[in-house]
Amino acid sequence: MIKPQLRPTADQTFRLVADPADRNWDFVEILARSRREEQQGNIEAACNTRYHAVQRLEELLPESGEVILEWEDDNSQAALEVVYCSAIDHFLIGDWEMAAAMFEMLLELDPEDHLEAIIRLAYTYIAMEEYDSYDDVADDINDKSADMAILTLWSEFRRTGTLPAVEVRNFGKRFAAYYNEFRADEHPIDEGYLADIESERPSQSAQARELWLQTEHLWAQFGGFIEALRKA
């Protein structure tokens, strides 16, 4: 039986290798199982499946030294996706410290950030009022993205209680669909939206609603930002 191990590659990355019969280390299967549990409505089981898998992975990692998982290896890639999904689980329930720790772990294991974990980490740092950490990661986020525009506005609002008028105007001009979505009273998950977001080329409006749904819990927990944006 192959003991779970991190096997080095010629590219100075590592592949996650284990016995094929050991389901605890088959991250492709773990990821698929957690998705099936979600589809069946068993959200708690899906979250636990991912969390326990992350715990096992963390125990395998050495206490010192750089470990970069090989993205082109199916099991290693799935392990990274499981870490990301578990971080999102904690992000959505407001467990900011755990979410931040997992996003940080993911960025260490995948410095190229194939899953764009740095964006959710930035939201997490603002939620935690870790502004120095936010400033550090913000430099690595595409400054032409809608996420960065919202992060900039929310960061300023959290720090000062006000919104910079110039940045709000720029947000409205450059990202009209997002500006309208975040100021709207309703954000229905209807058939039109679902068909649009699941299409090969989702519209800007659908992408804006998706981002709202992904961050809605932030605006509910940290009141005032959306109201200020509507009044700006």
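Which side chain does the side chain of aspartate 89 join in a polar contact? It is that of arginine 50, at 2.9 Å. A caution before I go on: this is a predicted model.

I'll start with aspartate 89 and then move to the other salt bridges. Aspartate 89 sits in helix α3, which covers residues 74-92. Its relative accessibility is 12%, and because buried means under 20%, aspartate 89 counts as buried. If we set aside the neighbours within four places in sequence, aspartate 89 is in contact with Cys47 and Arg50.

The pairing with arginine 50 also qualifies as a salt bridge, with N to O at 2.9 Å. This pair connects distant parts of the chain: arginine 50 belongs to helix α2, residues 43-60, while aspartate 89 belongs to helix α3, and they are 39 residues apart. Both partners, arginine 50 and aspartate 89, are buried. As general background, side chains of opposite charge can pair when their charged atoms come close.

Now the wider count. How many salt bridges does a search of the whole structure find? The search gives 11. I will go through two others.

One is between the side chains of arginine 35 and glutamate 81, with 3.5 Å from N to O. Here too the pair links distant parts of the chain, with arginine 35 in helix α1, residues 27-39, and glutamate 81 in helix α3, 46 residues apart. Are these two partners buried or exposed? Glutamate 81 has a relative accessible area of 18%, so with the limit for buried at under 20%, glutamate 81 is buried. Arginine 35 has a relative accessible area of 39%, and because partly exposed lies between 20% and 50%, arginine 35 goes in that class.

The other is between the side chains of arginine 23 and glutamate 29, and the N to O distance is 3.0 Å. Arginine 23, at 49% relative accessibility, counts as partly exposed, because exposed requires over 50%. Glutamate 29 is buried, with a relative accessible area of 17%.

To recap the three pairs I described: arginine 50 with aspartate 89 has both partners buried. In the second pair, arginine 35 is partly exposed and glutamate 81 is buried. In the third, arginine 23 is partly exposed and glutamate 29 is buried.

How values were computed
Residues are numbered from 1 along each chain as its sequence is written. This is a predicted model: local features need pLDDT of at least 70, side-chain atom pairs count only at pLDDT 80 or more; totals for chains, interfaces and linings use all residues. Side-chain values use heavy atoms; hydrogens and water are left out. Helices (H or I, at least four residues) and strands (E, at least two) are DSSP runs, numbered from the N terminus. Buried means under 20% relative accessible area, exposed over 50%, partly exposed in between (1.4 Å probe, protein chains only). A polar contact is a pair of N or O atoms within 3.5 Å; within protein, one must be able to donate a hydrogen and the other to accept it, and residues adjacent in sequence count only if both atoms are side-chain atoms. Contact means heavy atoms within 4.5 Å. A salt bridge is a side-chain nitrogen of Lys or Arg within 4 Å of a carboxyl oxygen of Asp or Glu.
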